[in-house]
Amino acid sequence: MSEVRDWISQPACNIKVAATADVVVVGGGPAGLSAALAAARNGASVILLERYNYLGGLASGGMVLVLDDMWDNHLQEISVRGVMLTLIERMTALGLATYPRSDEWGTERASLDRWTRWGAFDFHTHTKPHPICFAAAFDPDAWKRVAFEMVQEHRIQLRLHSWFSKTLVEDKMVRGVICNTKEGAEAILGSVVIDATGDLDVAASAEAPHISGRYMLTTVFRLGGVNTDEAERFERDEPEAFGVLDKEIKQILGGSWGLWWLKTPLPGVVWCNCPHMLGLDGLLVEDLTEAEIKGRRHIYATVDYVRGKLPGFERCFVVDVAPQTGVRQTRLLEGEYVMTKEDLVERTRFGDSIARGRDYYMPYRVLVPKTIDNLLVAGRHYSATSQAQKMSREIPPCMAMGEAAGVAAALSLDAGVSVRNVDVPALQRTLRAQGADPGDQSGRNPDIPALAIAGRLREKYEPSH
């Protein structure tokens, strides 16, 4: 028998430099896509690295198919704009995204009946029914298609099937990364690197200070063959019978949000942001494997049940299970500022605010690691406490952070300064000039009337369903 050892040593080897650019973005999820587009738009040459064969991360691959947390219910306005709204506009032009008109926001019964099962409501309000607000439901492949188009239009060098392996650091300065590919290990060099991995892979490899956290894992799935009109009729007209069945279904799922299924732009296809599984670590191979197996067990047990019990689901079938496991929290940066739950709840305003979420603001310092230079972090692994991250990890604010990181990278290169020392007022002005909302102004946006944006998009591109 061969000897069992805890560790093995490997000899040093030479690794080819496969590509070089001003800005290297690691991770093609929502934050990474936004960062790459923003950097390229501001004159930087950009390489975007992604391990899968698509862009979109948990939006497309994880099939989190509602874009929410971008509505400020205090100011009654859309709080995340820029790249996020452009993406929604382009998916809507394909008939593969939809959202409520501005005159449908609120608690009118007709709006609630029409939009609640799209997930277009403010689920953070303490009273029910939750009011309809600006949120967009979309098709996952539409995101992939539009993302590829936008990357090509901006002449970004896209490298798919490239798995991050190690950060290249010299004298506390990040110089690039090493990726594993079918051709072997490759070095990708850049003047600025943006960690958009979601798990803080780049910053952790560079030994930037961080903490570890965990939340729940989810194997999201879609069902086809659903008569959504009949399902909604049953829920509306027979609430007691619906309540009994809904409770039983959630027990079979083992963990679910209040609405375990939501409509999509594809007729008869619904998405299910469940089952949720607690106690698993999104960084451990064993736990990720268990989530995939256990999740499918819950999914098929649920399908068997609803076929025989739930009106509208008699002929349903599994379309697909998300190719990307729904991981919500792993490593979190300990940056120049650490966001707290109190910052979110109290709507703390920061002089260096560069992004907004639902009704909170994020300072530039949450993107900047301590002790390590030439590196920015954007996405759900930003500098926050575990509790704060759970309240601010949705896709739109992650895209807002990515857009700020991309612009900051380009501005720092133009000025010949470290990203740590970027001119934040200039960053804020650039973001606002390019259609984003950095959160640097008090009160509602004076430049673009809040109610006009959704109306403009909806009138220009009316979905066909």
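This report walks through some strands, a helix, the cysteines, a histidine and the salt bridges of the structure above.

## Before you start

You're looking at a predicted model, where local features need pLDDT of at least 70, side-chain atom pairs count only at pLDDT 80 or more, and totals for chains, interfaces and linings use all residues. Residues are numbered from 1 along each chain as its sequence is written, and side-chain values use heavy atoms, with hydrogens and water left out.

## Strand β11 and its partners

Let's begin with strand β11, residues 184-195. Helices (H or I, at least four residues) and strands (E, at least two) are DSSP runs, numbered from the N terminus. Two strands are said to pair if DSSP finds at least two bridges between them. Strand β1 (residues 16-26) runs parallel to β11, and nine bridges join them. To find a spot in this pairing, look for Ala19, which sits opposite Ile188 of β11.

Strand β10 (residues 173-181) is joined to β11 by six bridges, and here the two run antiparallel. A hairpin of two residues takes the chain from β10 to β11. Here, Gly176 has Leu189 in β11 as its bridge partner. Then there's strand β23 (residues 375-377), which runs parallel to β11 and is joined to it by three bridges. In this pairing, Val193 stands opposite Leu375 of β23.

Here's a handy rule for looking at strands: in a regular strand, side chains alternate between the two faces of the sheet.

## A four-stranded open sheet

Elsewhere, four strands line up in the order β15-β16-β14-β18 to make an open sheet with antiparallel pairing. Which strands are at the edges? They are β15 (262-263) and β18 (317-321), each pairing on one side only. Strand β16 (residues 270-272) pairs with β15 over two bridges in the antiparallel sense, and Lys263 has Val270 in β16 as its bridge partner.

Helix α8 (residues 285-309) lies across β14 (221-224) and β18, at about 160° to β18. That angle is taken between N-to-C directions and can run from 0 to 180 degrees; the axes are lines fitted to C-alpha atoms, for helices over the stretch in contact. Contact means heavy atoms within 4.5 Å.

## Cysteines without a partner

A disulfide is a covalent bond between the sulfur atoms of two cysteines. In the search used here, it is a pair of cysteine sulfur atoms within 2.5 Å. How many turn up in the whole structure? Zero. Cys133 is in no disulfide, and its nearest cysteine sulfur, that of Cys398, is 17 Å away. Seen from the other end, Cys398 has its closest cysteine sulfur in Cys133, and 17 Å is too far for a bond.

Are these two cysteines buried or exposed? Cys133 is buried, with a relative accessible area of 5%, and Cys398 is buried too, at 6%. (Buried means under 20% relative accessible area, exposed over 50%, and partly exposed in between, using a 1.4 Å probe and protein chains only.)

## A look around His130

His130 is in the loop between α3 (109-115) and β7 (136-138). With a relative accessible area of 17%, His130 is buried. Beyond its neighbours within four places in sequence, His130 is in contact with Leu112, Phe121, Asp122, Phe123 and Thr125.

The side chains of His130 and Thr125 are joined by a polar contact of 2.8 Å. The side chain of His130 also reaches the backbone oxygen of Thr127, at 3.4 Å. (A polar contact is a pair of N or O atoms within 3.5 Å; within protein, one must be able to donate a hydrogen and the other to accept it, and residues adjacent in sequence count only if both atoms are side-chain atoms.)

## Salt bridges

The structure has 35 salt bridges, each a side-chain nitrogen of Lys or Arg within 4 Å of a carboxyl oxygen of Asp or Glu. One of them takes us back to the open sheet: Arg222 and Asp320, with their closest N and O atoms 2.8 Å apart. Arg222 is in strand β14 and Asp320 in strand β18, 98 residues apart. Arg222 is buried at 9%, whereas Asp320 is partly exposed at 22%.

Arg432 and Asp440 form another salt bridge, with the closest N and O atoms 2.8 Å apart. Arg432 is buried at 13%, while Asp440 is partly exposed at 32%. Both belong to a network of salt bridges that also links Asp72, Glu77, Arg81, Arg347, Arg356 and Asp437.
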